[in-house]
Amino acid sequence: LGLAVYASSLCVVSGAAFLYHDYCVIGAGPAGLQAAYFLQRAGRDYVVFERSHAPGSFFALYPRHRKLISINKQYTGKSNSEFNLRHDWNSLLSHDRRLLFRHYSRDFFPDADTMVHYLEDFASLLKLQVQYNTAIIHVTLEKNEQAWNGHYFLLTDQDRKNYKCSSLLVAAGMWVPNVVNFPGSEYVEGYETVSINPEDFAGQTVLILGRGNSAFETAENILGVTNFIHMVSRSRVRLSWATHYVGDLRAINNGLLDTYQLKSLDGLLEGDLEDLAIVKDKKGKLHITLRFYLENRNISAGIDSITLPQDELDNFATRAPYDRVIRCLGWKFDFSIYNRSLKMMPGKGNIKKYPQIKPSYESRGTRGLFILGTASHSVDFRKSAGGFIHGFRYTTRAVHRLLENRHHGVPWPSTVYPITQLTNSIIKRVNEASGLYQMFSVLADIILLRENATAFEYLEEYPIGVLAELEMQTGRKARDGLFVIIMEYGRNFSGADKDVFYYNRAVGEAQHAWQSNFLHPVIYYYKHLPTEREMKLRPPDWPLPRPDAIHHIVEDFLTDWTAPNAHILPLRRFLENCLSTDLRNFFAESCFLFAFTHQKLPPFCQQGYLRMQGLVGSRELRHHALQAGLLQDYTHTDFSGDRPPDSHDGSQEQLMRDHAIPVRPLQHLVNAKDE
Amino acid sequence: MSTQKGRWDSSLVFLLFCASSIPRSGSVGLQQELSPQHYFSGLEAGKASLAFFTPTVSPGAQPFLEQIESSAEALQDYGISVVKVNCPKEDVSRYCGKENALRKAFLFRGNRLIREFPTDALFDVNSIIANVLFALLFNEVKYVETLADLENIENVLKGKSSMVFAYVPATGTAEHRAVMEAAFVYGTTHQFVLTTEAALLKATSHDDPEVSSAWLLFCHCQQVTDPAQPCRRTALGQPLTLLNIHRHLKLMGAPLVTEVAEDPEKVSTVHLQLGLPLVFILSQKETYEADRRTAEFVAWQLLGKAGVALLSRDLVDLNVLHRSNVALKTPEEGMPIQYLVLEDTDEVITLVEDKNKLKQMQEDEQQEEEEEEDEDEKENNNQDIQDDQVLEAVSRDKKRELPLEQVLVLTEENFHSSLSEAARTVVLFYASWEAVSLAVLRSYSEVAAHLKGTPGVLLCRVNCWDWPGLCSQENVTQFPTLRIYKEGQQSVTFHGMWGTEELSSFILLSRVSCPLKLATMEEAEGYLRGEFPSELSSHHHTSLLGVFSAATSEARKAFEEAGNILSGHVRMGMYFEDDALALSQKYSVSPPALLLAWSGGRSVEGIALSKHSVQDVVQMIRYELLEAFPEITVPNLPQYLQLRKPFLILFSAGGLSQMESKEMLKLAKGRAQQAFVVCWLNLKKTPVGHGILRKYFSTTPSLPVLLWVNLHAGGQVFKFPSPEQSITEVNILSWLEKLQAGLEIPSSTLSEEDWKPPLPAYDFLQMMEPSLPELSPHPGDTSVPPPPKNAGGDRATREEPSQESPAGEVGSPGRDLRGTAPRLAARDKQGKRHSEL
């Protein structure tokens, strides 16, 4: 098959030879390889361009201090591979069990070299089509009505070789360092090149610009040998455990916070770097001043002529001169290679380092161009995990599924179940699904109800940003209402500077589930698919518009939502009331009784017992059900009939009342999280 | 309860009607008079009126006037008009002139002043009515202060009339009003005596009474003939309300013992009307005098609690035991009269008192229930109580360790290698958190115990919660799923009842291939006899043998395919040797044909196989395997339901008598066979059948009972008139004809109700709304105020930590230099903070 495609893929356009592929992927990093994997499995014609000689070139350099801060959990006490991916932040998705990161490293925070090694294996074991040593330096469009998207993408590499593709998947990552220009910025060393040998910093005073993980990682490395480190950035430090956002400062890197707060000379400062200026004195020491003082003054005139803040305010904080200033300001997307016609625009505000994309990960400027991987993080920046391997491995799969439907008529994969499996299918997913868990509030499972609510169709991990386009994007019909299952943190619970350890932060009772704070499943019910307009007008901070009904499964300390009374029962009641039916399970004996006394049967009896698949139940279970008053014992009935015959129902209810003592949760155990 | 109340209400209306028979002056409650002159000139002789005088200048200045005004209507019921007289400014007459007269109300009868009331005696409607009636009924209601006074009155009344003695803690109370209102009606019949002295209360009641609660005694002085004898007293055991007093006096007024000479069913006395039971003392001519005394004795004991009637059996033809001496009729409609044989009068009294107690309890319970329901409604019912029988049963059983030693646990690692270990591997796919799975796992463990030692069968299980990859790879989308893997063959999935027996039988039957190819005539014959193959010889299954000639390969293929589908559920054999024709002809069919050997009698039935599509063959086999007159059980009902025909079903207390089964079988095999299912149910074996009968009948039918149940159309249930008619084919058929002609009345109709959610869900949307106004149905409305920080009331502790906006985030990134430079330069105080540079 591959050969046939190749034979026809050489074509000649206006004199230049183009190598054609349906899909071109730029970048053989984690996202590029992940996309390649899905394209390969689907048997699509694709190629991945990688400028380096091996995959994951970013990881070959970064992080400089080589410690990944994505967790590699070896043990979870469970063998469920899907569940375990919740705590494996490095593996890519594949069917090959060898390609799990825990087989590559035993470190909880693995070394970056391991990642490079892993990516190499991923590409080679799965035989992905990667063309190495190919740096795409220009991308432009060629209009063509025959093309999938009305145009082809023309790619040019460093050797002026041209490629032509119908769909372009940009997984080039974010590798252009963020640079701030201010007077004296030439004295600043970049994170990319700064020495990582602590000895080089012995006895030095260091100023670090930036307040992200790279800044703290750099500080951490030299903390023990410097005189002191000051760290300056515009915003206050955001701790990931307070914001539940993995891109914020991780606890593993926060050694400097410790020394700052324990008065060990190190310190944090807030200020706009744009206002900064650095002057070097004769001894080579770097002094901080303000651009404000330098206006109309030539910096080269010498330090003596320049006003320093401490000249006016003798206790100015950064009056001590520094030996080194290091810039750790992160990265931005490389916009330079795209022709203007592609309209690759940077986002606005705090997402200006990312290209503008839709919630479907398609570029806002060009149809058929999708951004994958860390550069696609504008969709959920500072919210979810879409900028990280453990997030974008799922969004990449979602994009692949969208493309399969759009270009190959392969509808979004789904499974049809009888309605009796509704509660179960949700419970199963919220307990094990990793995509829902990692990409909380971004990817959602969708349940499309079939007519009469006798069956439903289950779609996994659909991007909720494009919920309104569901029918068009998935090829599935949502005529009879739908459930959307997502995971959410409590609104207003976490965030920078919030106390996330306050007492009673955890909710224990199902009836207060909507006030749950930690990640918990939320189910939205819509009678009709929300429209584009409704999506646009949704309440701020809401992932979805107002539903017709909503259900929160109460947060759980163990993230195990299988408790019969606290989790499953309220969920069942919610589903029953949305569908206006009775979703209880019944033993065959009950179905038998119903069959003789009712013209209609509950779904469980209809779809089980009536099809000769009733649940007989063992003697012990029967006994328990009798004791619970949920089944009646007729074996010892004295049928002489001195009781009013009509009271059958009543007595059963009576039994229920007597025996079904409400299971009051043990308050102190349920709320153990508070202590 | 409600009907009783209704009855009392109507008596009360009657009472009030009597009271207001005095002509009314008008429909308006309060009259207005322009001046005292007008008022006095208009007074009618003998008519009472309550007047108050008010200066025109300050209308309605006094709050007590409001109370008088609101009691006007009630007073009018007693023929007392309430008049507001305006005092002209210049008037200085007796009522208008004096300042203090304006603070009083005056009661006139005609134009004679009876009483003047200071306004503090008229503080509310109760006190106004009580005091006004008290004043008017001066003669009818005697006020006493000492025991001696009371005794004097009692002595005077003996032999003449009865006395109603009431103690109220104070005048002007609601109880006082009730007594006065009762006196207004009964004052001419009985002498009313009132006191507010606690000492009198103590002297008249037996146990230690509560001084603060009112108390009423009926003293039966009228019947007293000997002045030395005290009057019998009957206390009112209920709170003093007009209704209760009225009821009590009615009961006291009723004859002590009613003599009746008609069918007790038709008898109605005031007691029954007032919701009390009626006790009949069954009398005979010979014992009449003694019975009469007994009745009177009992009547005194039960006074106020029940009525007593004396019924002479000689006059009424009673169809009851001769020994019966007492009958009890309860006020509930439709309740049959109880005839009893009692030893002594105490038993009668206990009987009634217990009945009343029970009734009281029931009423209390009902009330409680109602209250509970109210509460429940507030708390959204018992939403948090498990009402799923399977889930609850499994949760209650979760601590028991299952004997699963015989069942191999499979994992992703050992799944494929295990499949090759035994000839047949049975795998139960389940999820360890899912109730139905766990219920099946329990049966499965029993299967494992059953089949222990069966060669060639390996029982295994896969927990899909542990191994989701394996389960999806094996295409298991629902739990539980049971599959039998055979080396080199397609696996067979179980589609039967999840019971131990059914599972065991499935596994055992699956040991031989389906259909089993029989090589020789001997094998075929042995197969039909149930002796071949030996693995299955100990199992009683109906055997099915397909017989094919060489020319019928198409039918054979379909049969083989059907075998795959029915594998494990039906015992199927196949014979297509050269002498197939000979075999089939033995059973008078020609190939392709099915030979059916019934498990019980081993009679062989030959059926021509005319269908050639797999589905049709499967359908046909299933149909042919149905019995003509089956015993319906829980596991087999669905097979017969699938025929979608009405059921003619005989409910039997145990096994059927020969006669019954013979007649029914005749019926089943007769012409009716096509139109309905003839079957029976053994209540001993299928006790849930009792539940069915209870649902159908309001009175217990005698067994056996034959029913026609229209399960699929209309849901009517008809009962064959046994034992009047015996269950014979002829009788049944003629009954069915009548039934079909619409000449029979259904005993019951199956509920048509849909299966709605048993209880409501938590309405989180509604709970969220108050704290999240952005959730309002009109998003995008910018006028919506920001959400309050504190959500639910009881969760005050959840209040967020105080939140000053982080300084670093206030300014926009593009903040201008002039704003930031001084801050960076720390010129202001803020800058002195180290962290602010």
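**Notebook: a helix pair in chain A, domains and α18 in chain B**

I noted that helices α2(A) and α5(A) run roughly parallel to each other, because their axes cross at roughly 20 degrees and angles under 35 degrees count as roughly parallel. The model I am reading is predicted.

**Entry 1, the helix pair.** I looked up the extents. Helix α2 of chain A covers residues 30-41, and helix α5 of chain A covers residues 112-125. Their axes come within 10 Å. I then checked the hand of the crossing and found it left-handed.

Which residues of α2(A) meet α5(A)? I listed Pro30(A), Leu33(A), Gln34(A) and Tyr37(A) on the α2(A) side. On the α5(A) side I found Leu119(A), Phe122(A) and Ala123(A). I sorted this contact by class: 6 residues are nonpolar, 1 is polar and none is charged.

**Entry 2, domains of chain B.** I pulled up the domain assignment for chain B. Domain 1 spans 36-124, domain 2 spans 139-252 and domain 3 spans 258-353. Domain 4 takes 408-625, and domain 5 takes 636-749. I also looked up one spacing: the centres of domain 2 and domain 4 of chain B, taken over C-alpha atoms, are 89 Å apart.

**Entry 3, helix α18 of chain B.** This helix is made of residues 521-529. I asked which of its residues are buried. They are Met521(B), Ala524(B), Glu525(B), Gly526(B), Tyr527(B) and Leu528(B). Glu525(B) is on that list, so I flagged it for myself.

What do these buried residues pack against? I found the strands β22 (543-547), β23 (571-575), β24 (593-597) and β25 (604-608) of chain B, together with helix α20 (580-586). Last, I checked what follows α18(B). Gly530(B) comes next, with a positive phi near 85 degrees.

Key
Residues are numbered from 1 along each chain as its sequence is written. Chains are lettered from A and ligands numbered from 1 in the order in which they are written. This is a predicted model: local features need pLDDT of at least 70, side-chain atom pairs count only at pLDDT 80 or more; totals for chains, interfaces and linings use all residues. Side-chain values use heavy atoms; hydrogens and water are left out. Axes are lines fitted to C-alpha atoms, for helices over the stretch in contact, and angles run from 0 to 180 degrees between N-to-C directions. Helices (H or I, at least four residues) and strands (E, at least two) are DSSP runs, numbered from the N terminus. Angles under 35 degrees count as roughly parallel, over 145 as roughly antiparallel, 65 to 115 as roughly perpendicular and the rest as oblique. A crossing is left-handed if the near helix is turned anticlockwise from the far one by less than a right angle, and right-handed if clockwise. Contact means heavy atoms within 4.5 Å. Ala, Val, Leu, Ile, Met, Phe, Trp, Tyr, Cys and Pro count as nonpolar, Asp, Glu, Lys and Arg as charged, and the others, Gly among them, as polar. Domain bounds come from an automatic or database domain assignment. Buried means under 20% relative accessible area, exposed over 50%, partly exposed in between (1.4 Å probe, protein chains only).
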